[in-house]
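Work through the exercises below with the sequence and the 3D structure open. Each task is followed by a solution in steps.

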Amino acid sequence: MRERIWPLLPPLLLLPLLPPPLWGGPPESPRPELEPEPGPLQPYDLLYASGVAAYYTGDYELAVRDLEAALRSHRRLRQIRARCARHCAARRPLAPPGAGPGAELPFFRAVLERARCYSRCETQRLGGPASRHQVSEDVRSDFQRRVPYNYLQRAYIKLNQLEKAVEAGHTFFMANPEHMEMQQNIENYRTMAGVEESQLVDREARPHLESYSAGVKHYEADDFDQAIKYFEQALREYFNEDTECRALCEGPQRFEEYDYLRYKAGLYEAIADHYVQVLVCQHECVRELATRPGRLSPIENFLPLHYDYLQFAYYRVGEYVKALECAKAYLLLHPDDQDVLDNVDYYESLLDDSMDLASIEAREDLAVFVKRHKLESELIKSAAEGLGFSYTEPNYWIRYGGRQDENRVPSGVNVEGAEVHGLSAGKKPSPKIDRDLREGGPLIYENITFVYNSEQLNGTQRVLLDNVLSEDQCRELHSVASGIMIVGDGYRGKTSPHTPNEKFEGATVLKALKFGYEGRVPLKSARLFYDISEKARKIVESYFMLNSTLYFSYTHMVCRTALSGQQDRRNDLSHPIHADNCLLDPEANECWKEPPAYTFRDYSALLYMNDDFEGGEFIFTEMDAKTVTASIKPKCGRMISFSSGGENPHGVKAVTKGQRCAVALWFTLDPIYRELERIKADEVIAILDQEQQGKHELNINPKDEL
């Protein structure tokens with residue numbers, strides 16, 4: 001049975017804890033030209049600092065005023081710089097050098113005139129010197145991560161402006177999809193303000209990405225006329241944003257290999273150094289425009305996919321010439337794609353015999369783009385060789401897997417009666433595991449009870465077992481937990497890293513052994529912690545029939561304690577929905593396997609020690625982080641294990657009374673990422689075993705060893 005998690009209406013909203021201000025912000029999406037405000041443009045870093053300061057003093061009206069002004073100033077600054085770059089490129093073209101003595105002077109005159117034009121343009125439009133708008137890396141970083149919107153959503157709540165709080169919170173969340181607490185806030189705000197999900201506004205939405213997403217949705221609904229409309233609009237917006245991205249690359253560059261004040265390069269070396277950095281930046285606009293806000297990885301094959309979708313959509317509406325142009329455009333970047341080559345042959349067969357097929361060429365917009373991209377690539381490689389720096393051309397057009405045969409247009413298909421399924425290349429498949437999926441291996445220990453497998457738990461690579469621990473072992477572990485636990489252990493000392501309504505405590509195996517040596521807990525109990533975690537590792541390795549060794553990545557005994565006086569009408573989770581080796585993005589139904597996620601984790605397990613508490617159920621969900629697929633009530637000796645990827649989003653419901661304790665285990669198949677504390681614990685256990693066998697006298701200082 002599946003259920004949906006619907007937030008209750010709380011009297012007090014759970015608001016994200018805001019860190020001390022870090023000053024920052026980067027490129028954002030182009031917006032319509034803003035009406036200039038009277039007077040010089042105010043530097044956005046100063047407005048941002050003022051807004052944050054007002055927020056922390058409780059002056060929320062001033063905070064909203066200055067934070068909104070900072071966002072407008074940041075956007076306006078981008079627009080001015082891009083506009084001045086385009087304006088001066090048109091008014092002061094770089095004339096080719098003439099012949100004879102002084103042939104290079106016209107070129108440098110044009111450069112100087114371009115620089116003077118740009119300086120005048122910026123000063124005039126900014127209402128003062130451009131140097132006032134030089135901001136720190138921290139400020140740029142904050143604006144890139146949309147941190148001002150995090151402050152804004154809280155300030156708007158204080159001012160009881162719920163719709164604006166929803167808007168600001170959603171805008172922040174779109175660039176920070178791993179921020180599950182913000183997602184819960186948005187749900188709360190929406191409930192209070194009566195805002196539907198379809199009405200959520202991303203104030204920093206990038207037009208070409210929005211149009212592309214709309215095109216994909218219409219395409220998958222077989223509404224090909226609307227799909228064509230949005231994909232064509234997305235391309236126009238893409239090339240406009242590419243022009244802006246390239247113009248902004250002409251700003252200051254970092255001379256990474258030089259101390260600028262001691263920079264002694266000659267005229268041509270200095271020009272070459274700077275120009276190559278600008279050129280690489282412009283070349284990378286392909287990646288920049290294909291990357292969603294808050295992500296590190298671009299949408300794979302992004303620009304070519306527009307033409308892949310369009311060639312098929314135009315075919316479905318009977319515009320075969322346009323379908324052929326788009327198919328040929330796609331082949332400019334993937335000349336060996338056999339499906340599209342077959343499509344070209346088929347589209348040509350549908351055209352009238354009187355047409356000159358050779359005159360139908362690839363779309364001009366992409367042909368011009370690809371020609372420039374290739375020339376840039378050759379120039380950068382040549383510069384790298386001549387100037388002595390390393391450069392490897394990225395593969396900007398990676399195709400994720402192969403297209404299925406059903407997505408081809410087979411030769412000879414009847415156009416009128418054809419029932420052709422949509423292309424799937426525009427979407428990543430659900431997270432897949434790069435190994436054979438097997439389960440059902442032996443449990444290798446007596447008395448362990450099998451409860452549910454993956455199918456019964458409505459998922460992939462999941463297993464639920466009972467009696468992994470005995471009642472006596474549970475009591476002993478629970479007892480030792482009280483002697484070794486440290487508040488916030490594993491979370492940089494944060495008492496409540498996931499929710500302010502519970503206290504979080506933890507301890508590692510090595511810490512347990514250290515306390516055992518020092519006599520602060522029974523050494524036998526500390527040894528039990530080590531032994532049962534090894535038992536769990538062997539069970540996971542055997543049950544999932546892994547053909548290579550499973551190593552510990554992290555071992556943690558954890559307890560969550562409900563805080564009295566804070567449990568009334570709770571609607572948050574003890575641990576928000578997440579995946580263990582990737583950044584869960586519920587909005588996009590994706591899980592991004594990139595830092596800061598622990599991408600090396602392969603399997604996870606939780607071994608429960610007690611059940612004398614209320615709440616605290618472990619839940620699996622769909623990738624939307626809402627639809628529950630399985631709910632598990634912890635009890636002594638029960639173990640849940642699963643693969644660590646985006647196929648298994650999970651979390652913990654609120655612990656509303658008592659203390660919930662478990663041993664949390666993460667495993668990796670890569671020995672490089674073995675847990676260092678575990679390796680040290682293995683060495684200590686080896687010494688213990690030798691002592692017990694009477695072979696060697698234990699002669700170590702435990703504190704030195706540990």
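**Exercise 1.** Find the salt-bridge partner of Glu376 and state how far apart the closest N and O atoms are.

*Solution.* Step 1: apply the criterion, in which a salt bridge is a side-chain nitrogen of Lys or Arg within 4 Å of a carboxyl oxygen of Asp or Glu. In this predicted model, local features need pLDDT of at least 70 and side-chain atom pairs count only at pLDDT 80 or more, while totals for chains, interfaces and linings use all residues. Residues are numbered from 1 along each chain as its sequence is written, and side-chain values use heavy atoms, with hydrogens and water left out.
Step 2: the partner is Arg372, and the closest N and O atoms are 3.9 Å apart.
Step 3: place the pair in helix 15 (residues 364-387), where Glu376 and Arg372 lie four residues apart and are therefore separated by about one helical turn. Helices here are DSSP runs of H or I with at least four residues, strands are runs of E with at least two, and both are numbered from the N terminus. An α-helix has 3.6 residues a turn, so residues three or four places apart point the same way.
Step 4: extend the search; Asp242, Arg246, Arg372 and Glu376 are linked in a network of salt bridges.

**Exercise 2.** Classify Glu376 and Arg372 as buried, partly exposed or exposed.

*Solution.* Step 1: the classes are buried (under 20% relative accessible area), exposed (over 50%) and partly exposed (in between), with a 1.4 Å probe and protein chains only.
Step 2: Glu376 has a relative accessible area of 6% and is buried.
Step 3: Arg372, at 31%, is partly exposed.

**Exercise 3.** Repeat the analysis for the salt bridge of Asp365 with Arg363.

*Solution.* Step 1: the closest N and O atoms of this pair are 3.0 Å apart.
Step 2: Asp365 has 26% relative accessibility and counts as partly exposed, whereas Arg363, at 14%, counts as buried.

**Exercise 4.** Check whether the length of helix 12 (residues 302-316) agrees with its number of residues.

*Solution.* Step 1: the expected span is 1.5 Å times one less than the number of residues.
Step 2: the 15 residues of helix 12 should therefore span 21 Å; the end C-alpha atoms are 22 Å apart, which agrees.
Step 3: for its surroundings, note that 14 of the 15 residues of helix 12 are buried.
Step 4: look just after helix 12, where Gly318 takes a positive phi of about 85°.
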